[in-house]
Amino acid sequence: MSGFRELYQPLHTLIGAGAIREIPAYVKSFHCKKALVVSDEGLLKAGTVGKVVEILEDAGMEYAIFTEVKPNPTTAIVEKGLDAAVRNQCDYVIGIGGGSPLDVAKAVAVLATNGGDVRDYEGVNKSKEKGLPIIAVNTTAGTGSEVTRDYVITDEEKKIKMLMVDNNCIASLAIDDPRLMTGMPPRLTAATGMDALTHAIEAYVCRSHFPYTDGLALEAVKLVAGALRRAVRDGNDLEARTDMCWAEYMAGLAFSNAGLGMVHAMAHQLGGFYNIPHGVANAILLPYVMEYNVSECQERYAEIARALGVKTVDMTCRQAAQEAIRYIRELAEEIDIPTLKSQGFKPQDAMTLAVNAMNDTCMPDNPKDASVMDVKNVFMDAYEESF
C-alpha cells in the first residue's frame, strides 16, 4: 500500500437530541425532490418513522415509505426496496433504524444508480457510480451503519451474509438523535451496545489499524464501559444514550477506516444460517475470539482493559489482557446476552459455518491467522460453554 491513508466518513453528521429536526435544511442543499423512507414495521408502529416523516411533511417535502425490512435483510427485500424507489421516482433515500434498514437503504441507493443485482457488489468497491444521496437516521447505538461504507445483505439461497465495502454508499448525512433511542428495550440496547464494543475492539487489534482509528476505538471502549449498563438499566437516561451514540459512531468510524476480524466473519455466518441478530452474535462470540487472538495482541488487549476501567498497574501484560476478556464476559452476563445454545446453533453445522467464515471479507484482517479447524473450535467453545 502507498504511504498515505484515505479516510472515510459521512459528508455531514449530526449527533444530539433533536438532530432530526435539521433534515429539511440538508435535503434542500442536496437539491433532491422525493425521498424513499426505508425502515421496518416495528419502527413504523412505534412511531419512530412518524417522527421523521412529520418533519418532512411540515417542510412540504415529498416521500414514499418502504417498511418491509426484516432483521438480516435478504436480496429479495433489497429488490422490493429498489422497486419502490424506481416506481415512486425517488431521488434520495432516508434510512431509519439500526443496521438492517440502513443496510437496505445503502443497497437500494447503490443499485438505483448502478443497476444489476445486489450480489454483484459483494466485496470491496464493486460499484462504479455514486449511489443516491443517503440520510442515515440511526435508532440504535450499536451498528455504526450510519457512518460506515459497509452494508451486509443475506443471500437467502446460499444462507450466507454478503459484505459490501463501498465508498459509493457513504451517507450524505448521518444522524444520531438519542431521543429516538429512549424507547429501545433493554435486550436490544444490550445487544447493540455490545455490537459497538465489538467494532471498537476489532478495529483496535485488526491488521489494518492506524493512529486515527486507534484513538477512536479506545475512546469508544471507554464510553461503552461508562454508559452501556446505565442505558440498559434505564432506557430514558438521555446522558447514557448520548454517550452510547458517540461510542457507536466513533467505533463505526474506526472499523470503517481500519477493518474488523474473526468475530464479524463468524457472526455473519450465524446471522445468515440461523437469523441470529448481528449484535447478539457478536456479543456471544467476542470473548471466545479474544481468547483465540490473545497470543498475538496482548499489549493491545491490555490497553483495552485500561480503557474499560480495569486497574492494571500491578499486572503483567498477559494478566491485563486476560482481565479485558474477563470484563467482557461479565458485562455480557450482567446485561443478559443470551447463550449460543439458546439461539439454535447446531454442532453439526460448525464445519460449514467455519468454511464460510474463512471466506468472509472480514477474516483477512484478523490479527492472528486461523485455519478452518481453528474457527470451528471457537464456534464449539462458545457452544459448549452455553451449558
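**Close-up 1. Five residues make up one aromatic cluster in this predicted model.** The members are Phe273, Tyr274, Phe345, Phe379 and Tyr383. Counting ring pairs in the structure gives five aromatic pairs. Two of them are picked out in the next views.

**Close-up 2. Phe273 and Tyr274 meet edge-to-face.** Their ring centres are 5.4 Å apart, and there are 75° between the planes. That angle is over 60 degrees, so the pair goes down as edge-to-face. How accessible is each partner? Phe273 is partly exposed, with 24% relative accessible area. Tyr274 comes in at 17%, which is under the 20% cut-off, so Tyr274 counts as buried.

**Close-up 3. Phe345 and Tyr383 form a tilted pair.** Here the centres sit 5.4 Å from each other and the planes are at 45°, so neither the stacked label nor the edge-to-face label fits. Where do the two rings come from? Phe345 belongs to the loop between helix H12 (317-334) and helix H13 (350-358), while Tyr383 is part of helix H14 (residues 372-384). The pair therefore ties together parts that lie 38 residues apart in sequence. Both ends are tucked away: Phe345 is buried at 4% relative accessible area, and Tyr383 is buried too, at 14%.

**Close-up 4. Arg329 lies over the face of Tyr288.** This time a charge joins a ring. Arg329 is 4.7 Å from the ring centre of Tyr288.

**Close-up 5. Lys368 lies over the face of Tyr292.** In this view the partner is a lysine, and Lys368 is placed 4.3 Å from the centre of the Tyr292 ring.

Key:
Residues numbered from 1 in each chain as written. Predicted model: local features only at pLDDT ≥ 70, side-chain atom pairs only at ≥ 80, totals over all residues. Heavy atoms only, no water. Phe/Tyr/Trp six-rings, centres within 6.5 Å; stacked < 30°, edge-to-face > 60°. Buried < 20%, exposed > 50% of the residue type's maximum accessible area, 1.4 Å probe, protein only. Helix = DSSP H or I, 4+ residues; strand = E, 2+ residues; numbered from the N terminus. Lys NZ or Arg CZ within 6 Å of the ring centre and 35° of its normal.
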